[in-house]
Each structure stands twice: as C-alpha cells, then as structure tokens.
Amino acid sequence: MHWLLYLRLIVLTAGTLLPFFWMVVILGHRRQRNFERLFFFLCLALTCFFGSSLLALNATLFYGAPPPALLRFAWTFLCLGLWFIPPLVVQLHTEYASVRELISSRRAKIQWSLLAWVPAALLLPRLFATLEVRANFQFETSSRQLGIAFQAWLITAILIAAYWQRRFRKTAPDEAQKEFHKGLGLDFLALAFFLLSMFLWVRNFNGEHEPGLSVIVLMLALGPLVKLFRGVQRFNFLQIGRQRNLVYAVLGVFLALLYLSLVRRASLWLDPYLPPEASAALLLFLPVVFFEPLQRVIRRLLRQTAQSEVDRAQKLMLPINEVARLGDQSKLRKFCEGWIAEQLQLAKVELEFDLSGERQDRKTEDARSAQSFEIRRAGERLGSLRAQSFGAMISGETYAALEFLCEQLPGAFDLCRLIEEKLQLERELAERERLALVGQMAASISHNLKNPLGSIKTILQVQMESPELPASLRQETQMVLEEINRLSARLNQLLQFSRPGLRVGNGAQSCNLAQVTETVANMLRHAADERRVSLELREANGESRAAIGEEAANDILSNVVLNAIEAVEDGGHVRVQLRSSEKVCTVYVEDDGPGISAADQAKVLQPFFTTKARGTGLGLAIVDRRLQEAGGTMEIKSPTGGGRGTEIRLNFPVVVKEPAE
Ligand code: ADP
Ligand code: MG
C-alpha cells in the first residue's frame with residue numbers, strides 16, 4: 001500500500017480527534033460566550049468532515065468494496081461538514097473581532113454575518129445536488145463535487161480569516177499573542193494557496209499529484225487547531241486555563257488508535273502465515289516488551305514534571321513572602337488571591353482564615369465548580385482556600401500547586417501577623433511619646449501663665465471696686481476681665497489635657513453622677529444664658545454611682561455640654577439627661593445645632609482639631625482620654641433629625657457592688 005495512504009490515515013485521525021478535543025473542552029467551559037459556542041460548531045463541522053473521510057478510508061481499506069449504505073452515510077456527513085466550514089470560519093472571526101472591539105457597531109457585525117451566511121445559502125442547492133450522488137463518491141476531492149463556486153467561497157473565507165488575523169496581530173496586547181496571530185495568519189494564507197493550486201493546476205496533470213496535495217491541505221487545515229493548543233498553554237487564550245491532563249489524554253488516545261490500526265494492517269500482512277486473531281493477539285501483547293524502558297522514560301518525565309512544578313510553586317511563594325513582610329494581613333490576603341489566580345490561570349481564588357476572627361460570609365457563586373483546600377498547620381485547621389477554574393475542573397498540576405501553597409501559606413501569614421503587631425506597637429509607642437511631649441509642654445506653659453494671670457485678675461477686680469474709676473475705663477476694664485476669664489478657661493483645658501489621669505484600681509474612685517451633672521449644668525448656665533440658649537437638665541432615674549473620679553466626670557461633662565452650647569445658635573436648645581441601669585450610666589447631651597459632618601466625626605477626637613475661630617480643639621480629646629481611663633465609651637450621633645442636631649452619649653461604668661457577706 002502506498003505510504004501516502006498511511007499518512008492520510010494519520011492526518012485524518014488527528015483531524016478527527018483535535019476538533020473533538022476542543023468540543024470536550026468547550027462543553028466543560030463554565031462561562032460560554034458566543035465565541036465559544038461558534039467555535040464548538042466549527043469543531044463539530046471539522047469533526048464531521050475529518051471523521052467521515054476517516055470512516056470512508058478505513059472502510060475502503062477494510063472491505064475493498066464497502067457497503068453503499070456506509071459510504072452514503074460518510075458522504076452525507078462529509079459534505080455537510082464541508083459546507084458549514086466557510087461560513088463558520090468567517091462568523092467566528094467576526095465574533096472574535098467584536099470581542100476585541102475591532103467591530104463596534106451592531107450594523108457592521110450584521111454585515112459581516114451576512115457576508116458569512118449569504119454565500120452559504122446561495123450554495124445550498126448545490127449541496128443538495130451533491131448529497132444526492134448515489135455512487136462514485138469522490139472522498140478525496142469532495143470540494144470539487146460541491147462545485148467551483150464552493151471552492152472559490154472556501155478560499156475567500158480562508159482569506160477573510162487571514163485578513164482578520166492580520167488585524168488581530170496589529171492590535172494584540174503582547175508579544176506572545178502577536179506571534180500567535182501571526183502564525184495563524186500565515187497558516188491560513190498557506191492553506192488558501194495550496195487549495196488554489198490544487199483546484200487550478202492539478203486538473204491539468206490529470207489528478208496525478210492530487211493525493212499528495214490533498215494530504216498537505218488536510219495537514220495545513222489542522223495547523224490552526226494545533227496553534228490554538230499552544231496559545232491556550234502559553235497565555236490562556238480562550239480563558240480556559242491550562243489543560244495539560246486533557247492534552248495528554250488526547251495524545252494517548254491518538255497513539256492508541258494509530259497502534260490499533262497498525263495491528264490490523266500487520267495481521268493482514270501476516271495472514272498467509274498466521275491466523276489474523278493470533279497475530280492480533282501477539283501484536284497487542286507486544287507493547288509489554290516495552291514496559292520496562294517505557295517505565296524508565298515515564299519515571300524521568302514524572303520526576304522532571306514534579307520538579308518543575310515544585311519550582312513553580314516555590315517561585316509563587318517568593319512575592320507572597322515579600323508582601324508578607326509589609327505587615328498588612330488584609331493586603332496580603334488580597335494579593336495572594338489575585339496573584340495565585342493570575343499565576344495558576346484560575347477564574348477566582350478566595351482565602352479565608354478561621355483564626356483572624358473576621359470570618360466574613362463572602363458570596364461564593366457557583367459553589368459547584370469551586371474546589372476547596374484546607375489550610376492546616378500541625379493537623380490544626382486554620383482556614384481554607386477556594387479555587388474556581390474557568391473550565392470544568394482544576395487540572396492535576398494546578399491542584400498539586402494549590403496543595404503546596406496551602407502548606408506554605410500559614411508561614412507567610414504568621415510572619416505577616418508578627419510584623420503587623422510589631423508595627424502597631426511601634427506606632428502606638430510613637431503616638432504616646434508625642435502626646436506626652438505635647439502634654440508636658442502644655443503643662444509648663446499653662447502653669448507659668450496661670451499665676452501672673454491670677455494676679456492681673458485680682459488687681460483689676462480691686463480697681464473695679466474703687467469708686468474713682470471713670471466710667472469709660474470701667475467698661476474697658478470689664479472687657480479685659482472677660483478676656484482674662486476666657487484665657488484662663490483655655491489654660492484650664494490645656495492643663496486638663498496634659499494632666500495624666502489618676503490611675504487608681506478598679507472601682508476605687510466613684511462619684512454621684514447625677515450630682516456632677518447638676519453642678520456642671522449650674523456652672524454653665526451663665527454661659528448658656530449669655531448666648532440665649534435654653535439649657536434643660538432632665539430628671540435622672542434612680543441611683544447613679546459611676547466608677548469615675550469626680551474631677552474626671554466634671555471634665556468630661558463640662559466639655560461636652562459647653563460644645564453643645566457653643567454649637568447652637570441664638571434661641572437654640574440643649575438637653576442633658578442621665579439614665580442609669582445596672583451595668584452602665586449614660587449621659588445624653590443633645591442639641592439642635594448644625595450637627596457634625598461625617599468627615600469631621602472621624603477627626604473631632606484628635607487633639608487640636610477645631611472648627612471654631614477661638615477653639616483649642618482639646619475638649620473632646622480630653623473627654624475621650626478621661627473616658628478611656630475610666631473604661632467608659634462615647635458615641636456621637638449626628639445629624640439627629642432634619643439634617644441637624646447632635647446627640648452625644650457618654651457611657652460610664654457603674655460601681656460594682658460587693659456582695660454582702
Ligand atoms: P473646640 O470646642 O475647642 O473646637 P472640641 O474638641 O471640644 O474643640 O471640639 C472639636 C470640634 O468638634 C469642634 O470644633 C466642633 O466642630 C465639633 N463639635 C463638637 N461638639 C459639637 C456639637 N455639639 N455640635 C457641632 N459640632 C461639634
Ligand atoms: Mg470644646
């Protein structure tokens with residue numbers, strides 16, 4: 001038998017399997033776009049074409065004169081497949097062009113689609129005519145049977161594909177893709193050229209060169225599918241992730257098929273000496289001889305693969321450790337998720353740690369296609385890693401890499417947590433030192449100013465009392481006195497701020513909060529009246545012994561109530577109310593002033609933050625500090641109604657009653 005026949009057999013087997021492989025991959029694809037669906041149908045057409053040719057060839061080899069029904073069956077599918085190939089090729093490229101935004105308008109897309117399908121529709125009558133052929137099937141030159149118009153259309157479609165590849169190449173985002181499209185474009189050009197030469201020249205040679213040329217054409221037709229293989233492996237073209245195990249499976253099937261047909265051939269040759277069953281059995285067991293060497297090859301391959309996978313996984317860990325050293329756990333987690341997904345070509349990766357106490361219930365759509373890996377250390381479960389692939393399943397090498405990562409991640413996260421804690425401590429220490437310094441400075445300044453200020457005030461007060469003071473001077477002296485009062489109030493605040501809170505054992509200090517509230521209200525009543533603000537003190541409910549020193553409580557309440565008085569306009573209202581329960585005493589200070597904007601709320605506790613022309617910005621900082629020292633808390637609610645108003649809640653811990661013995 002002519003060697004060309006064997007070559008044809010091999011090419012046809014490959015041509016049947018390759019598109020079939022793609023069909024399987026696409027069926028397993030989770031999110032199919034139009035592109036994948038079109039590609040599926042193109043592969044179906046190719047499988048029909050190659051498979052039917054293979055069937056016909058095998059039948060001819062086997063029977064010599066095959067049953068007509070079988071031939072008709074093969075012929076029908078072959079012609080159908082062939083007829084569908086050109087429009088699908090054009091449509092597929094149109095679709096990809098619109099994915100790549102080379103075709104943007106709907107109209108252009110419709111025009112390109114029409115270009116794909118109108119010629120095909122015009123060729124329909126010819127297709128039916130060809131299908132009706134009863135005998136004399138020309139499997140090797142089926143396109144000639146479909147007529148010269150079809151041949152022209154086939155070449156045009158392939159040239160259109162080459163044109164699109166050229167444009168894809170020009171707009172490709174990176175070198176690898178550029179090369180990929182360049183290769184595809186060249187393939188299409190070569191295919192078109194050979195088809196043309198076959199259609200035109202060979203006629204003049206009486207079909208002498210036809211078998212060879214047709215095999216070349218068939219091989220060229222497989223080129224793009226093989227390129228696609230590599231494209232997918234190299235840069236995740238089609239976004240299906242690497243599918244190396246599928247590739248191996250297809251290769252295995254391909255070799256097995258070839259070997260089987262060899263067995264059949266060989267048993268035919270040996271027919272004169274051996275019954276076919278015996279030779280077939282012998283040949284089927286022949287590979288056993290190769291087991292030993294084969295095993296060695298496979299072992300080496302496996303070792304290399306494992307080594308390279310471990311290397312890859314270790315390289316994966318390098319940047320993760322780098323980020324871990326920055327000491328930000330949430331950043332590390334985000335980075336890990338993005339990085340692992342990118343490197344292992346996964347659709348999505350999610351990390352979750354049980355320990356960190358922030359176990360959020362993140363939405364996990366498509367839980368079925370996600371695979372969960374446990375992150376453990378010394379047998380203890382720390383969390384989980386969920387990976388979602390683009391395809392139906394995660395391939396073997398990715399699986400192994402993920403398992404390796406799960407072993408390494410706890411180390412990286414531990415490192416990150418330690419560094420985070422260290423950084424946090426350092427920050428706190430620096431902050432405390434800064435505040436201590438500010439406090440000392442404030443204390444010494446205010447202390448040094450307070451005494452002379454006191455003397456000035458006394459002298460002025462004495463002067464005021466003297467009847468000789470002229471009226472004009474009296475008024476001015478009064479103003480000076482008021483300024484001095486304001487000044488000493490500020491100095492007081494500075495002193496309060498710099499004075500360290502008295503740290504006394506739990507519950508050692510206590511005061512009657514109702515009484516302190518009343519004192520503060522009385523003290524500030526004058527200021528309120530001056531601004532024509534109504535200050536209302538509501539009746540407290542029951543007993544209210546708070547676990548806080550009287551002075552501290554006074555500092556807290558006076559600052560908050562004064563802020564409220566200062567905030568409201570003429571005729572505004574401030575309401576103070578104390579409510580006690582068994583666990584907590586709460587003072588509510590409400591006003592109907594302009595409220596505190598959300599942005600300011602984050603800052604009001606900072607020392608020296610103020611929006612007032614003559615403010616110190618220390619009031620709420622003092623409140624916050626005193627409350628923290630006593631174990632109390634503060635809540636700010638603003639606005640309270642109609643976009644205005646502020647309500648400040650001060651929660652004081654209550655004195656724990658000793659059980660009477
Ligand atoms: P100061 O009163 O010296 O400005 P504070 O620390 O007491 O400093 O207050 C900080 C800022 O918080 C004030 O400048 C003001 O903008 C805002 N603020 C505090 N209480 C109120 C309130 N009741 N209504 C509106 N704004 C307030
Ligand atoms: Mg204030």
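In this predicted model, strand 2 and strand 3 form a hairpin, and just two residues sit between them. One turn residue, Ala 378, has a positive phi of about 50°. The two strands, residues 370-377 and 380-388, run antiparallel and are joined by eight bridges. To pick out one pairing, Phe 373 has Leu 385 of strand 3 as its bridge partner.

The hairpin belongs to an open sheet of three strands, with the order 1-3-2 and antiparallel pairing. Strand 1 (348-353) and strand 2 take the edges, and each has a single partner strand, so one side of each is left without a neighbour in the sheet. From one strand to the next, the twist averages 20°. Strand 1 and strand 3 run antiparallel and share six bridges; Glu 350, for instance, is partnered with Arg 386 in strand 3.

Two helices lie across this sheet. Helix 13 (residues 329-343) covers strand 1 and strand 3, running at about 150° to strand 1. Helix 14, which spans residues 396-465, lies across strand 1, strand 2 and strand 3, at about 45° to strand 2. The loop between helix 13 and strand 1 holds Gln 345, whose phi is near 50°, a positive value in a residue other than glycine. For context, most residues other than glycine have a negative phi.

Further along the chain comes another open sheet, this one of five strands in the order 5-7-8-10-9, with mixed pairing. Which strands stand at its edges? They are strand 5 (534-537) and strand 9 (633-637); each has a single partner strand, so one side of each lacks a neighbour in the sheet. Here the twist from one strand to the next averages 15°. Within the sheet, strand 8 (residues 584-591) and strand 10 (residues 646-653) run antiparallel, with eight bridges joining them. Asp 591 has Thr 646 of strand 10 as its bridge partner.

This sheet, too, has helices lying across it. Helix 16 (residues 513-530) crosses over strand 5, strand 7 (573-580), strand 8 and strand 10, and runs at about 170° to strand 5. Helix 19 (residues 619-630) lies across strand 9 and strand 10, running at about 30° to strand 10. The loop between strand 9 and strand 10 contains Pro 639, and the peptide bond joining Ser 638 to Pro 639 is cis, with omega about -5°. As a rule, most peptide bonds are trans.

Several of these elements also turn up around the largest pocket, which holds about 1,800 Å³ of space. Its lining takes at least two residues from each of helix 15 (471-498), helix 16, helix 17 (550-567), strand 8, helix 19 and strand 10. Helix 17 gives the largest share, ten residues. Of the 48 lining residues, Gln 493, Arg 531, Leu 562, Asn 563 and Glu 566 lie nearest the centre of the pocket. By class, the pocket lining comes out as 17 nonpolar, 19 polar and twelve charged residues.

Now for the enclosed spaces. How many cavities of 30 Å³ or more does a search of the whole structure find? The search turns up three, and the largest cavity contains about 690 Å³ of space. Its lining draws at least two residues from each of helix 1 (3-27), helix 2 (34-63), helix 3 (68-99), helix 6 (142-145), helix 7 (148-170), helix 8 (175-200) and helix 9 (210-235). The lining numbers 40 residues, and Leu 46, Ile 85, Val 89, Leu 191 and Ala 221 are the ones nearest the centre of the cavity. Sorted by class, the cavity lining has 30 nonpolar, eight polar and two charged residues.

Helix 3 also packs against helix 4 (residues 106-122): their axes come within 9 Å and cross at roughly 175°. That angle makes helix 3 roughly antiparallel to helix 4. On the helix 3 side, the contact residues include Trp 83, Phe 84, Pro 87 and Leu 88, while those on helix 4 include Lys 109, Trp 112, Ser 113 and Trp 117. The contact between the two helices has ten nonpolar, four polar and two charged residues.

How values were computed. Residues are numbered from 1 along each chain as its sequence is written. Chains are lettered from A and ligands numbered from 1 in the order in which they are written. This is a predicted model: local features need pLDDT of at least 70, side-chain atom pairs count only at pLDDT 80 or more; totals for chains, interfaces and linings use all residues. Side-chain values use heavy atoms; hydrogens and water are left out. On a 1 Å grid over the protein atoms alone, a cavity is a set of points where a 1.4 Å probe fits but cannot get out, and a pocket is an open set with protein on both sides within 12 Å along at least five of seven lines; lining residues have an atom within 4 Å of a point. Grid points are joined across faces, edges and corners, and a volume is the space filled by probe spheres set on the points. Helices (H or I, at least four residues) and strands (E, at least two) are DSSP runs, numbered from the N terminus. Ala, Val, Leu, Ile, Met, Phe, Trp, Tyr, Cys and Pro count as nonpolar, Asp, Glu, Lys and Arg as charged, and the others, Gly among them, as polar. Axes are lines fitted to C-alpha atoms, for helices over the stretch in contact, and angles run from 0 to 180 degrees between N-to-C directions. Angles under 35 degrees count as roughly parallel, over 145 as roughly antiparallel, 65 to 115 as roughly perpendicular and the rest as oblique. Contact means heavy atoms within 4.5 Å. Two strands pair if DSSP finds at least two bridges between them.
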